[in-house]
Amino acid sequence: MTPPRPVVIGSVILIGPMGSGKSSAARSLASLLGHRFSDTDRLVVQRAGQRVSEIFDREGEAAFRQREREALLELKGWSRHVIATGGGIVETPENVETLRSMGCVVWLRASLEVLWRRVATDMNRPLLQVLDPRAALAQTVAKREPLYSAAAHVSVDTSGLTAQQVVTSVHELVVSFFLASRPPAA
Ligand code: S3P
């Protein structure tokens, strides 16, 4: 009898709105898979030598998106990574194809109530520095839903889940994804 062929788990990229828990899920998933963890925001900050909010203030959102694109392209060459992305990465149209070519793209979703609860206490996000941040969040999420949907291979609704349950769900989906994308046996 031929032994079962192992499933090679490639890179996993987490997308989704601010507050969807991408960074913490990516960290845990990376350690579960034995992959390396990366974060596009963190890479942008390292390369720019400025915080995200400083880049928005001094250079504007378009410059941030350019830096974010460069960070993504830098990460594209790396294998066996779990990558957390900034919530607006799908706003740059070319990123959608890039993301999908890098591995399994997982969209972490959550209801507006849950997202708001998570971001309301952390007002460092430049796009929420407005008079009505809750409305801004709602608008941004609605605008980006079709973009996340176009970029994602799979999605998980994290609304009622604990952090551990999110990682377990993502892990199951990712294994199925790479299992299904194996070339047929010779
Ligand atoms: C942004 C989300 C942020 C960060 C920047 C812009 C966005 O990342 O990239 O503030 O446009 O939604 P998080 O999704 O990790 O908050």
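These legends describe the overall fold and then the ligand site of one predicted model. Residues are numbered from 1 along each chain as its sequence is written, and side-chain values use heavy atoms, without hydrogens or water. In this predicted model, local features need pLDDT of at least 70 and side-chain atom pairs count only at pLDDT 80 or more, while totals for chains, interfaces and linings use all residues.

**View 1. The fold has eight helices and five strands.** Along the sequence, the pattern runs β-α-β-α-α-α-β-α-β-α-α-β-α. Helices (H or I, at least four residues) and strands (E, at least two) are DSSP runs, numbered from the N terminus. The radius of gyration is 17 Å, close to the 16 Å of the globule rule for 186 residues, so the protein is as compact as a globular protein of that length. That radius is taken over C-alpha atoms, and the rule is 2.2 Å times the number of residues to the power 0.38.

**View 2. Thirteen residues surround the ligand.** Lys 22, Asp 41, Arg 65, Arg 125 and Arg 144 come nearest. A residue counts as near if one of its heavy atoms lies within 4 Å. The shell holds five nonpolar, three polar and five charged residues. Here Ala, Val, Leu, Ile, Met, Phe, Trp, Tyr, Cys and Pro are nonpolar, Asp, Glu, Lys and Arg are charged, and the others, Gly among them, are polar.

**View 3. Arg 65, Gly 87 and Gly 88 meet ligand oxygen atoms.** A polar side-chain atom of Arg 65 lies 2.7 Å from one ligand oxygen. A polar backbone atom of Gly 87 is 2.8 Å from a ligand oxygen. For a backbone N or O atom of Gly 88, the distance to a ligand oxygen is 3.4 Å.

Note on methods: Polar contact = N/O pair within 3.5 Å; in protein donor to acceptor, adjacent residues only side chain to side chain.
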